[in-house]
Amino acid sequence: MTLSRLAAAILMAASMPAIALVSALPAAAQTAEHTLTGNLSLATDYRYRGITQTDRRPAIQGGFDYSHASGFYFGNWNSSISWLSDSNDAVSAPIEMDFYAGLKNTFGADGRWSYDLGVLQYYYPGDYPANFTRPYTTEIYAGVGYGPVSFKYSYAPTNLFGFADSKHSWYADLSANVPLDVWGLTLNAHVGYQKVQVANASYVDWKIGLTRDLGNGFALAVAYIDTNADRTVYTNAGGRYMGRGTAWASLTKTF
(Lines give C-alpha, C1' and ligand atoms only; values in the text may rest on other atoms or scores of the structure.)
Protein backbone atom coordinates (compact mmCIF):
# COMPACT_ATOMS: atom_id res chain seq x y z
CA MET A 1 0.00 0.00 0.00
CA THR A 2 1.42 3.43 -0.92
CA LEU A 3 1.80 6.12 1.74
CA SER A 4 -0.84 8.28 0.07
CA ARG A 5 -3.37 5.44 0.04
CA LEU A 6 -2.55 4.59 3.64
CA ALA A 7 -3.01 8.22 4.64
CA ALA A 8 -6.40 8.22 2.97
CA ALA A 9 -7.39 5.00 4.74
CA ILE A 10 -6.43 6.34 8.15
CA LEU A 11 -8.18 9.64 7.54
CA MET A 12 -11.31 7.80 6.46
CA ALA A 13 -11.19 5.63 9.61
CA ALA A 14 -10.24 8.38 12.04
CA SER A 15 -11.34 11.78 10.79
CA MET A 16 -14.68 11.11 9.15
CA PRO A 17 -16.41 9.73 12.29
CA ALA A 18 -15.13 12.77 14.18
CA ILE A 19 -16.42 15.19 11.56
CA ALA A 20 -19.78 13.45 11.49
CA LEU A 21 -20.15 13.58 15.26
CA VAL A 22 -19.08 17.22 15.49
CA SER A 23 -21.63 18.24 12.88
CA ALA A 24 -24.33 16.40 14.82
CA LEU A 25 -23.64 18.29 18.06
CA PRO A 26 -24.76 21.88 18.66
CA ALA A 27 -21.92 24.31 19.30
CA ALA A 28 -22.98 24.91 22.92
CA ALA A 29 -22.91 21.19 23.68
CA GLN A 30 -19.40 20.91 22.25
CA THR A 31 -18.11 23.51 24.69
CA ALA A 32 -20.19 22.48 27.71
CA GLU A 33 -20.90 18.82 28.39
CA HIS A 34 -19.45 17.28 25.25
CA THR A 35 -16.03 17.70 23.65
CA LEU A 36 -14.90 16.05 20.44
CA THR A 37 -11.45 16.46 18.89
CA GLY A 38 -9.51 14.89 16.05
CA ASN A 39 -5.78 14.61 15.45
CA LEU A 40 -3.41 13.83 12.58
CA SER A 41 0.37 13.32 12.90
CA LEU A 42 3.41 12.68 10.77
CA ALA A 43 6.31 11.08 12.67
CA THR A 44 9.86 10.15 11.69
CA ASP A 45 9.32 6.74 13.33
CA TYR A 46 6.47 5.13 15.27
CA ARG A 47 8.00 4.26 18.62
CA TYR A 48 5.81 2.48 21.16
CA ARG A 49 7.30 1.85 24.57
CA GLY A 50 10.66 2.50 22.97
CA ILE A 51 10.33 -0.19 20.27
CA THR A 52 10.07 0.83 16.60
CA GLN A 53 6.82 -0.21 14.95
CA THR A 54 7.85 0.95 11.46
CA ASP A 55 11.46 -0.32 11.18
CA ARG A 56 12.73 3.24 11.76
CA ARG A 57 10.71 4.62 8.86
CA PRO A 58 8.13 7.47 8.94
CA ALA A 59 4.56 6.86 10.10
CA ILE A 60 1.24 8.60 9.51
CA GLN A 61 -1.18 8.56 12.44
CA GLY A 62 -4.60 9.90 13.35
CA GLY A 63 -7.67 9.49 15.51
CA PHE A 64 -10.47 11.14 17.45
CA ASP A 65 -11.47 11.56 21.09
CA TYR A 66 -14.83 12.21 22.74
CA SER A 67 -15.10 13.34 26.36
CA HIS A 68 -18.02 14.19 28.64
CA ALA A 69 -18.05 16.71 31.49
CA SER A 70 -18.46 13.77 33.91
CA GLY A 71 -14.97 12.52 32.96
CA PHE A 72 -16.11 9.65 30.73
CA TYR A 73 -14.25 9.38 27.44
CA PHE A 74 -13.70 7.10 24.47
CA GLY A 75 -11.64 7.27 21.31
CA ASN A 76 -9.87 5.66 18.41
CA TRP A 77 -6.27 6.06 17.22
CA ASN A 78 -4.60 4.56 14.15
CA SER A 79 -1.09 4.30 12.73
CA SER A 80 0.81 2.81 9.85
CA ILE A 81 3.05 -0.06 11.01
CA SER A 82 5.44 -2.64 9.54
CA TRP A 83 6.71 -4.59 12.57
CA LEU A 84 4.45 -7.59 11.98
CA SER A 85 5.53 -8.12 8.37
CA ASP A 86 9.11 -7.26 9.37
CA SER A 87 9.06 -10.22 11.74
CA ASN A 88 7.33 -12.61 9.32
CA ASP A 89 6.98 -11.94 5.58
CA ALA A 90 3.88 -14.19 5.51
CA VAL A 91 2.01 -11.54 7.53
CA SER A 92 0.20 -8.63 5.91
CA ALA A 93 -0.98 -6.18 8.60
CA PRO A 94 -0.02 -2.57 7.76
CA ILE A 95 -2.27 -0.71 10.21
CA GLU A 96 -2.70 -0.58 13.98
CA MET A 97 -6.13 0.45 15.28
CA ASP A 98 -6.59 1.27 18.98
CA PHE A 99 -9.97 1.59 20.71
CA TYR A 100 -10.24 2.83 24.28
CA ALA A 101 -12.69 4.11 26.90
CA GLY A 102 -12.38 5.21 30.46
CA LEU A 103 -13.00 7.74 33.20
CA LYS A 104 -10.63 10.51 34.23
CA ASN A 105 -10.97 13.55 36.43
CA THR A 106 -9.25 15.77 38.97
CA PHE A 107 -9.56 15.69 42.74
CA GLY A 108 -8.12 17.27 45.88
CA ALA A 109 -8.56 20.73 47.34
CA ASP A 110 -6.39 22.41 44.69
CA GLY A 111 -7.48 20.16 41.83
CA ARG A 112 -3.88 19.25 41.01
CA TRP A 113 -4.41 15.54 41.58
CA SER A 114 -5.88 13.49 38.74
CA TYR A 115 -6.84 9.90 37.98
CA ASP A 116 -7.44 7.87 34.82
CA LEU A 117 -9.08 4.43 34.66
CA GLY A 118 -9.84 2.58 31.45
CA VAL A 119 -9.46 -0.23 28.97
CA LEU A 120 -7.57 -0.28 25.65
CA GLN A 121 -7.86 -2.72 22.74
CA TYR A 122 -5.03 -2.94 20.19
CA TYR A 123 -6.28 -4.36 16.89
CA TYR A 124 -4.18 -5.25 13.84
CA PRO A 125 -6.39 -6.11 10.83
CA GLY A 126 -4.67 -8.23 8.21
CA ASP A 127 -3.75 -11.69 6.95
CA TYR A 128 -1.87 -14.13 9.19
CA PRO A 129 -0.48 -17.61 8.50
CA ALA A 130 -1.84 -20.67 10.33
CA ASN A 131 -0.67 -21.11 13.94
CA PHE A 132 0.55 -17.49 14.10
CA THR A 133 -0.01 -15.93 17.55
CA ARG A 134 -2.29 -12.99 16.86
CA PRO A 135 -0.95 -9.64 18.13
CA TYR A 136 -4.37 -8.41 19.33
CA THR A 137 -3.92 -7.17 22.89
CA THR A 138 -6.25 -5.91 25.62
CA GLU A 139 -4.94 -3.77 28.48
CA ILE A 140 -6.67 -2.46 31.59
CA TYR A 141 -5.01 0.65 32.98
CA ALA A 142 -5.03 2.89 36.05
CA GLY A 143 -3.17 6.15 36.40
CA VAL A 144 -2.67 8.91 38.95
CA GLY A 145 -1.08 12.30 38.49
CA TYR A 146 -0.06 15.38 40.42
CA GLY A 147 0.50 18.54 38.42
CA PRO A 148 2.78 17.72 35.45
CA VAL A 149 3.86 14.30 36.81
CA SER A 150 1.90 11.08 36.25
CA PHE A 151 2.20 7.36 36.87
CA LYS A 152 0.25 4.74 34.91
CA TYR A 153 0.02 0.96 35.27
CA SER A 154 -1.28 -1.17 32.37
CA TYR A 155 -2.14 -4.86 32.77
CA ALA A 156 -2.74 -7.31 29.90
CA PRO A 157 -5.12 -10.22 30.63
CA THR A 158 -4.44 -11.39 27.05
CA ASN A 159 -1.24 -12.33 25.25
CA LEU A 160 0.93 -9.26 24.71
CA PHE A 161 1.58 -8.10 21.11
CA GLY A 162 2.06 -11.56 19.63
CA PHE A 163 4.22 -13.10 22.38
CA ALA A 164 2.87 -16.63 22.93
CA ASP A 165 1.98 -17.51 26.54
CA SER A 166 2.49 -13.92 27.70
CA LYS A 167 -0.78 -13.30 29.56
CA HIS A 168 -0.51 -11.15 32.71
CA SER A 169 2.27 -8.98 31.32
CA TRP A 170 2.26 -5.36 32.48
CA TYR A 171 3.77 -1.93 31.88
CA ALA A 172 4.64 0.83 34.37
CA ASP A 173 5.00 4.38 33.05
CA LEU A 174 6.35 7.41 34.94
CA SER A 175 6.10 10.64 32.91
CA ALA A 176 6.44 14.39 33.35
CA ASN A 177 5.31 17.14 30.97
CA VAL A 178 6.54 20.44 32.39
CA PRO A 179 5.63 23.78 30.74
CA LEU A 180 8.77 25.93 30.43
CA ASP A 181 7.00 29.28 29.89
CA VAL A 182 9.34 30.11 27.02
CA TRP A 183 8.61 29.91 23.26
CA GLY A 184 5.58 27.71 24.00
CA LEU A 185 7.84 24.82 25.00
CA THR A 186 7.00 21.84 27.21
CA LEU A 187 9.68 19.49 28.58
CA ASN A 188 8.74 15.81 28.14
CA ALA A 189 10.44 13.12 30.22
CA HIS A 190 9.50 9.47 30.56
CA VAL A 191 10.78 6.16 31.90
CA GLY A 192 8.88 2.89 31.63
CA TYR A 193 9.28 -0.79 32.43
CA GLN A 194 7.67 -3.44 30.22
CA LYS A 195 7.28 -6.76 32.01
CA VAL A 196 6.71 -9.57 29.51
CA GLN A 197 5.95 -13.06 30.81
CA VAL A 198 8.50 -14.50 28.34
CA ALA A 199 12.19 -15.13 29.03
CA ASN A 200 14.46 -12.14 28.26
CA ALA A 201 11.63 -10.06 26.76
CA SER A 202 11.23 -7.54 29.62
CA TYR A 203 13.01 -4.19 29.28
CA VAL A 204 13.24 -0.52 30.32
CA ASP A 205 12.59 2.39 27.94
CA TRP A 206 13.12 6.12 28.39
CA LYS A 207 12.60 9.41 26.58
CA ILE A 208 13.61 13.05 26.93
CA GLY A 209 12.25 15.70 24.61
CA LEU A 210 10.52 18.99 23.93
CA THR A 211 7.14 19.92 22.46
CA ARG A 212 6.41 23.35 21.00
CA ASP A 213 2.92 24.76 20.47
CA LEU A 214 2.98 26.34 17.00
CA GLY A 215 -0.55 27.74 17.23
CA ASN A 216 -3.66 26.98 15.16
CA GLY A 217 -3.73 23.43 16.55
CA PHE A 218 -0.21 22.51 15.39
CA ALA A 219 2.48 21.10 17.68
CA LEU A 220 6.07 20.04 16.92
CA ALA A 221 7.77 17.45 19.14
CA VAL A 222 11.39 16.26 19.21
CA ALA A 223 12.92 13.66 21.51
CA TYR A 224 15.62 11.11 22.13
CA ILE A 225 14.22 7.61 22.77
CA ASP A 226 16.16 4.54 23.93
CA THR A 227 15.75 1.11 25.57
CA ASN A 228 17.78 -1.73 27.06
CA ALA A 229 15.70 -4.36 25.22
CA ASP A 230 17.47 -7.67 24.56
CA ARG A 231 18.81 -7.73 21.00
CA THR A 232 18.18 -11.46 20.66
CA VAL A 233 14.45 -10.90 21.29
CA TYR A 234 13.91 -7.52 19.60
CA THR A 235 15.79 -7.97 16.31
CA ASN A 236 13.48 -8.40 13.32
CA ALA A 237 13.82 -10.80 10.39
CA GLY A 238 15.82 -8.19 8.48
CA GLY A 239 18.46 -8.12 11.22
CA ARG A 240 17.53 -4.66 12.51
CA TYR A 241 17.50 -4.05 16.27
CA MET A 242 14.07 -2.62 17.12
CA GLY A 243 15.03 -1.08 20.46
CA ARG A 244 17.99 1.00 19.28
CA GLY A 245 18.23 4.59 20.57
CA THR A 246 17.07 7.24 18.13
CA ALA A 247 16.35 10.92 17.60
CA TRP A 248 12.66 11.33 16.83
CA ALA A 249 10.29 14.08 15.69
CA SER A 250 6.59 14.53 14.93
CA LEU A 251 4.24 17.22 13.66
CA THR A 252 0.65 17.01 14.95
CA LYS A 253 -2.49 18.90 13.99
CA THR A 254 -5.41 18.88 16.45
CA PHE A 255 -8.83 19.98 15.25
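This is a short chat about a predicted model, asking how its labels are earned.

Trainee: What makes the strands here a barrel, and which strands are in it?

Mentor: There are 12 strands in a closed barrel, running E1-E4-E5-E6-E7-E8-E9-E10-E11-E12-E13-E14 with antiparallel pairing. From one strand to the next, the twist averages 20 degrees.

Trainee: How do you know that E1 and E14 pair?

Mentor: Two strands count as paired if there are at least two bridges between them. E1 (residues 34-43) and E14 (residues 246-254) have 5 bridges, in the antiparallel sense, so they pass that cut-off. One of the partnerships is Leu 40 with Lys 253 in E14.

Trainee: And what makes E13 a partner of both E12 and E14?

Mentor: Again, check the bridges. E12 (residues 203-215) and E13 (residues 218-227) share 10 bridges, and E13 and E14 share 8. Both pairings are antiparallel. As examples, Asp 205 has Thr 227 in E13 as its bridge partner, while Ala 221 stands opposite Ser 250 in E14. The hairpin of E12 and E13 has 2 residues between the strands, and Asn 216 there takes a positive phi near 55 degrees.

Trainee: Where else does a residue other than glycine have a positive phi?

Mentor: Asp 181 does, with phi near 55 degrees; it lies in the loop between E10 and E11 (185-195). Asp 165 also has a positive phi, of about 55 degrees, and is found in the loop between E9 (149-156) and E10 (169-179).

Trainee: Why are Asp 165 and Asp 181 called exposed?

Mentor: Exposed means over 50% relative accessible area. Asp 165 has 69% and Asp 181 has 76%, so both earn the word.

Trainee: Why is Thr 54 called buried, then?

Mentor: The cut-off for buried is under 20%. Thr 54 has 4% relative accessibility, so it counts as buried. Its place is in the loop between E3 (51-52) and E4 (59-68). Leaving aside neighbours within four places in sequence, Thr 54 is in contact with Asp 45, Tyr 46, Ala 59, Ser 80, Ile 81 and Ser 82.

Trainee: How do you know that Thr 54 and Asp 45 make a polar contact?

Mentor: The N or O atoms must be within 3.5 Å, with one able to donate a hydrogen and the other to accept it. The side chains of Thr 54 and Asp 45 are joined at 2.8 Å, so the distance fits the cut-off.

Trainee: What makes His 68 partly exposed?

Mentor: His 68, in strand E4, has 25% relative accessibility. Partly exposed lies between the 20% and 50% cut-offs, so that is the right label. A polar contact of 2.9 Å joins its side chain to that of Ser 70. Beyond its neighbours within four places in sequence, His 68 is in contact with Glu 33 and His 34.

Trainee: Which residues touch the most other members of the largest nonpolar core?

Mentor: Trp 83, Leu 84, Tyr 124 and Tyr 234 do, out of 25 residues. Helix H3 (83-87) and strand E7 (113-123) are the elements that give two or more residues to this core. Apart from it lies another core of 5 residues, including Ala 221 and Trp 248.

Trainee: What is Tyr 234 in contact with, leaving aside neighbours within four places in sequence?

Mentor: Its contacts include Ile 51, Phe 163, Val 196, Tyr 203, Arg 240 and Met 242.

Definitions and conventions
Residues are numbered from 1 along each chain as its sequence is written. This is a predicted model: local features need pLDDT of at least 70, side-chain atom pairs count only at pLDDT 80 or more; totals for chains, interfaces and linings use all residues. Side-chain values use heavy atoms; hydrogens and water are left out. Helices (H or I, at least four residues) and strands (E, at least two) are DSSP runs, numbered from the N terminus. Axes are lines fitted to C-alpha atoms, for helices over the stretch in contact, and angles run from 0 to 180 degrees between N-to-C directions. Buried means under 20% relative accessible area, exposed over 50%, partly exposed in between (1.4 Å probe, protein chains only). Contact means heavy atoms within 4.5 Å. A nonpolar core is a set of buried Ala, Val, Leu, Ile, Met, Phe, Trp, Tyr and Cys residues joined through side-chain atoms within 4.5 Å.
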